[in-house]
Amino acid sequence: MRRPLIAGNWKMNGSLALVERFAQAFTTAELPAEVDIAFMLPAPYLPAAQRSFAGLPVSLGAQTLHPEPKGAYTGEISGAMLKEFGAHYVLVGHSERRSLFHEDDTAVLARVRAALQAGLEPVLCLGETLEERETGSTEAVVSKQLAAVFDGLDESERRRLTVAYEPVWAIGTGKTATPDQAQEVHLALRQRLAQYDTALGETARLLYGGSMNKDNAAALLAQPDIDGGLIGGASLQVDDFLAICQSAG
Ligand code: PEP
């Protein structure tokens with residue numbers, strides 16, 4: 001009943017040529033009809049992707065947004081602007097935003113609210129550091145990150161979020177959580193969501209992210225509480241990303 005989502009996070013990578021390469025490959029590829037596919041692009045590529053992916057069964061997304069709808073925030077981009085250029089999704093709280101750009105839980109909640117206000121679907125990213133895992137606080141850390149956002153939303157808003165569990169130690173490192181490790185955290189997150197509302201626990205889409213690739217995707221995606229993937233490095237390779245999309249079908 002939960003539709004899988006495979007979302008590629010290009011981070012600050014790519015080019016117009018890469019957008020075109022993906023568009024051409026996805027035009028002829030067999031895409032699994034039961035899987036949602038999204039490209040979280042650097043914002044300047046959204047207009048080209050909007051044109052080149054027109055008619056393809058894929059969605060576009062962005063990687064962050066400013067919490068305010070407009071104003072004197074030089075260099076920033078609002079949710080409405082992303083929406084105007086075809087974004088359906090936006091990542092919020094990615095670990096690189098949290099660590100490199102000092103976005104704390106309050107900043108993350110403000111961005112989730114801004115995304116909802118703009119009609120975007122936020123993909124809330126959360127996850128523990130290696131130290132937190134090694135000291136046995138994974139569940140406490142992710143529950144706190146989840147609650148910091150979900151406590152601030154009402155029932156209908158909560159239903160509009162996708163959550164991506166991304167252990168920080170697995171992002172861009174080549175170290176993937178084992179399917180069992182990922183499943184354990186996904187189950188804990190789902191149980192935590194069910195405390196808000198039983199239906200939310202059942203319907204919330206929970207993605208795994210962290211060095212997912214064409215070789216490990218199927219085993220991760222086969223876990224009962226993993227509903228898709230957020231993919232960084234492997235989303236820049238056409239064949240690898242396609243293979244991951246197909247393994248979610
Ligand atoms: C990410 O950036 O969200 C991510 C999961 O990256 P990678 O797949 O490269 O670990």
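Select alanine 110 to begin, and the viewer will place you in helix H5, which spans residues 105-117 of this predicted model. Alanine 110 is partly exposed, its relative accessible area being 27%, a value that lies between the limits of under 20% for buried and over 50% for exposed. If you then add valine 149, which is 39 residues away along the chain, the C-alpha atoms of the two residues turn out to be separated by 8.7 Å.

Move next to tyrosine 89, which belongs to strand S4, residues 87-92. With a relative accessible area of 3%, tyrosine 89 is buried. Beyond the residues up to four places away in sequence, tyrosine 89 touches a set of residues that includes Leu5, Asp36, Ala38, Met40, Glu121, Val123 and Arg205. One of these partners deserves its own distance label: the side chain of arginine 205 makes a polar contact with the side chain of tyrosine 89, at 3.1 Å. For a longer distance label, draw a line from the C-alpha atom of tyrosine 89 to that of alanine 177, a residue 88 places apart from it along the chain, and the separation reads 25 Å.

From tyrosine 89, step across to glutamate 121, one of the residues it touches, which is found in strand S5, residues 121-126. Glutamate 121 is buried as well, with a relative accessible area of 17%. Its contacts, residues up to four places away in sequence not being counted, are His88, Tyr89, Val90, Arg160, Thr162 and Arg205, and Arg205 is also on the list of residues touched by tyrosine 89. The side chain of glutamate 121 makes a polar contact with the side chain of threonine 162, at 3.0 Å.

Now select the ligand together with its surroundings. The ligand is surrounded by 14 residues, of which Lys11, Glu166, Gly172, Ser211 and Gly232 are the closest. Coloured by class, this shell shows four nonpolar, eight polar and two charged residues. Three distances to oxygen atoms of the ligand are worth displaying: a polar side-chain atom of glutamate 166 lies 2.6 Å from a ligand oxygen atom, a polar side-chain atom of histidine 94 lies 2.9 Å from a ligand oxygen atom, and, on the backbone, a polar atom of glycine 232 is 2.8 Å from a ligand oxygen atom. Taken alone, the ligand exposes 290 Å², and the protein buries 95% of that area.

Continue to helix H12, residues 238-247, and pick out its buried residues, which are Val238, Phe241, Leu242, Ile244 and Cys245. Because they cover an arc of only 160 degrees around the axis, these residues are on the same side of H12. In an α-helix there are 3.6 residues a turn, so residues three or four places apart point the same way. To see what the buried residues of H12 pack against, show strand S1 (5-9), helix H1 (16-28), strand S2 (36-40), helix H11 (217-221) and strand S8 (228-231).

The last stop is glutamine 223, in the loop between H11 and S8, two elements against which the buried residues of H12 pack. Is glutamine 223 buried or exposed? At 17% relative accessibility, glutamine 223 counts as buried, since the cut-off is under 20%. Apart from its neighbours within four places in sequence, glutamine 223 is in contact with Pro179, Asp180 and Gln183.

Definitions and conventions:
Residues are numbered from 1 along each chain as its sequence is written. This is a predicted model: local features need pLDDT of at least 70, side-chain atom pairs count only at pLDDT 80 or more; totals for chains, interfaces and linings use all residues. Side-chain values use heavy atoms; hydrogens and water are left out. A residue is near a molecule or strand if one of its heavy atoms lies within 4 Å of it. A polar contact is a pair of N or O atoms within 3.5 Å; within protein, one must be able to donate a hydrogen and the other to accept it, and residues adjacent in sequence count only if both atoms are side-chain atoms. Accessible areas come from the Shrake-Rupley method with a 1.4 Å probe; for residues, only the protein chains shown count as cover. Ala, Val, Leu, Ile, Met, Phe, Trp, Tyr, Cys and Pro count as nonpolar, Asp, Glu, Lys and Arg as charged, and the others, Gly among them, as polar. Buried means under 20% relative accessible area, exposed over 50%, partly exposed in between (1.4 Å probe, protein chains only). Helices (H or I, at least four residues) and strands (E, at least two) are DSSP runs, numbered from the N terminus. The arc is that of the directions from the helix axis to the C-beta atoms. Contact means heavy atoms within 4.5 Å.
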